Amino acid sequence: MSMRRALVTGGNQGMGLSTAAALASRHYHVTITVRSNEKGKEAIDAIKQAHPDAVVDYAIMDNAVLSSVKSFASSFDAPKLDLVVCNAGIMNTPFAISSDGYEMQYQVNHLAHFLLTHLLLPKLRASGNARVIFISSRAHMRHPQSIDYHGLMNKTEVQAQFQGWTAYGRSKLSNILTAKALAARLPVATSGVTFFSLHPGLVDTNLLAAGGGGAFQGMDVDDGIKCTLWLATADGLEGKSGSYFHNEVSYFIDPEAQGRGDLMAPIARDSGEATACWTHSLAMLQIAEEAFGQPGNA
């Protein structure tokens, strides 16, 4: 029986590295994406030290450059893919426009993962029982209003209105809306793919420190990945596709806890907002709706 295949973006440090190691220990063949060979080799060595029998490799992919995402997807030669953890991200960074023309946090945290899901969907379908997990954040509540896509595409306007935490919240709101939109358009019964988003909690990582959250005491990384691992491996979650989970709830399996209104902004529950995110993300990436996830696009 072949090993299950998993992909973890941004797998060289923090939660990405811990998630990759934990999946490898559960007998997944894990590929991590990194931005340099040096980072990749260091991560593989770290995982192998903890789990000598781990089957793990790395590939170069930079979410800040969409051609890099396309290059990775075209070279990823696994016939099927059972799990994608969209983990790579940046937090509360200074204003920047990517070489592709998008606000940097929005591209790195959202658009690159949207594009990656599109390109890898044929391999996910081939699994017959695949899962895609978007690492979002409770910080999506920093953007409680509808996303102004016109303003987002106007570089002068987006710079004039830019606030790092608000931009981060916008990107993380888009993660939640994307999982919701994908679940609506790709039912598990016909696609074989389940989509989730989650808030991992306030986790003590380099991302927290770099984002300006160093004054807060974060949870250990091993605690921060518990919900991710549950969503990746638990049985019976097909009916939860499109749902958002919150790792800081003591029992995140409890549907009553998941329904707490203080954990999720109303805008993130709105199916119309999910449709808007879907439509505008397709337009930004120049993907025809009928072409989404079709073979031959990488």
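Biologist: Which residues lie nearest the centre of the second largest pocket?

Modeller: In this predicted model, the second largest pocket has a lining of 15 residues, and His143, Gln145, Gln161, Thr166 and Arg170 are the ones nearest its centre. The space in this pocket comes to about 210 Å³.

Biologist: Which elements give two or more residues to the lining of the second largest pocket?

Modeller: The elements are α5 (149-153), α6 (155-160) and α7. Helix α7 provides the largest share of that lining, with three residues.

Biologist: How many residues of each class are in the lining of the second largest pocket?

Modeller: The lining has seven polar, five nonpolar and three charged residues.

Biologist: Helix α7 also packs against α14. What makes α7 and α14 roughly perpendicular to each other?

Modeller: Two packed helices are described by the angle between their axes and by the distance between those axes. For α7 (residues 164-185) and α14 (residues 271-285), the angle is about 95° and the axes are 8 Å apart. Angles of 65 to 115 degrees count as roughly perpendicular. The value of about 95° lies in that range, and α7 and α14 are therefore described as roughly perpendicular.

Biologist: Which residues of α7 meet which residues of α14?

Modeller: From α7, the residues are Ser174, Leu177, Thr178, Lys180, Ala181, Leu182 and Arg185; they meet Ser271, Glu273, Ala274, Thr275, Cys277 and Trp278 of α14. By class, six residues in this contact are nonpolar, four are polar and three are charged.

Biologist: Why is Gly242 called buried?

Modeller: The relative accessible area of Gly242 is 16%. Buried means under 20%, so Gly242 meets the criterion. Gly242 sits in the loop between α11 (226-233) and β7 (244-246). Leaving aside residues up to four places away in sequence, Gly242 touches Ala179, Lys180, Ala183 and Phe195. The C-alpha atoms of Gly242 and Phe196 are separated by 5.2 Å, although these residues are 46 residues apart along the chain.

Biologist: Is His140 buried or exposed, and how do you know?

Modeller: His140 has 0% relative accessibility. Since buried means under 20% relative accessible area, His140 counts as buried. His140 is placed in the loop between β5 (130-135) and α5. Residues up to four places away in sequence aside, His140 touches Gly169, Lys172, Leu173, Ile176, Tyr244, Leu263, Met264, Ala265 and Ala268.

Biologist: Why is Ala126 called partly exposed?

Modeller: Ala126 has a relative accessible area of 45%. Buried is under 20%, exposed is over 50%, and partly exposed is in between; Ala126 is therefore partly exposed. Ala126 belongs to helix α4 (residues 104-127) and touches Pro79 and Lys80, not counting residues up to four places away in sequence. The C-alpha atoms of Ala126 and Ser191 are separated by 9.1 Å, with their positions 65 residues apart along the chain counted as their separation.

Biologist: What makes Ala73 buried?

Modeller: Its relative accessible area of 5% is under 20%, so Ala73 is buried. Ala73 is in helix α3 (residues 66-75). From C-alpha to C-alpha, Ala73 and Leu115 are 9.6 Å apart in space and 42 residues apart in sequence.

Biologist: Which sign of phi does His27 have?

Modeller: His27 has a positive phi of about 70° and is not a glycine. Most residues other than glycine have a negative phi. His27 lies in the loop between α1 (14-25) and β2 (28-34). The relative accessible area of His27 is 62%; exposed means over 50%, so His27 is exposed.

Biologist: Why does Gln286 count as exposed?

Modeller: Gln286 has 76% relative accessibility, which is over 50%, so Gln286 counts as exposed. Gln286 is in the segment after α14. Gln286 has a positive phi of about 60° although Gln286 is not a glycine.

Biologist: What percentage of the protein chain do buried residues make up?

Modeller: Of the 298 residues in the protein chain, 55% are buried. The secondary structure of the chain comprises 14 helices and seven strands. Among contacts with a separation of 6 or more, 75% are between residues 24 or more positions apart.

Note on methods:
Residues are numbered from 1 along each chain as its sequence is written. This is a predicted model: local features need pLDDT of at least 70, side-chain atom pairs count only at pLDDT 80 or more; totals for chains, interfaces and linings use all residues. Side-chain values use heavy atoms; hydrogens and water are left out. Axes are lines fitted to C-alpha atoms, for helices over the stretch in contact, and angles run from 0 to 180 degrees between N-to-C directions. Helices (H or I, at least four residues) and strands (E, at least two) are DSSP runs, numbered from the N terminus. Angles under 35 degrees count as roughly parallel, over 145 as roughly antiparallel, 65 to 115 as roughly perpendicular and the rest as oblique. Contact means heavy atoms within 4.5 Å. Ala, Val, Leu, Ile, Met, Phe, Trp, Tyr, Cys and Pro count as nonpolar, Asp, Glu, Lys and Arg as charged, and the others, Gly among them, as polar. On a 1 Å grid over the protein atoms alone, a cavity is a set of points where a 1.4 Å probe fits but cannot get out, and a pocket is an open set with protein on both sides within 12 Å along at least five of seven lines; lining residues have an atom within 4 Å of a point. Grid points are joined across faces, edges and corners, and a volume is the space filled by probe spheres set on the points. Buried means under 20% relative accessible area, exposed over 50%, partly exposed in between (1.4 Å probe, protein chains only).
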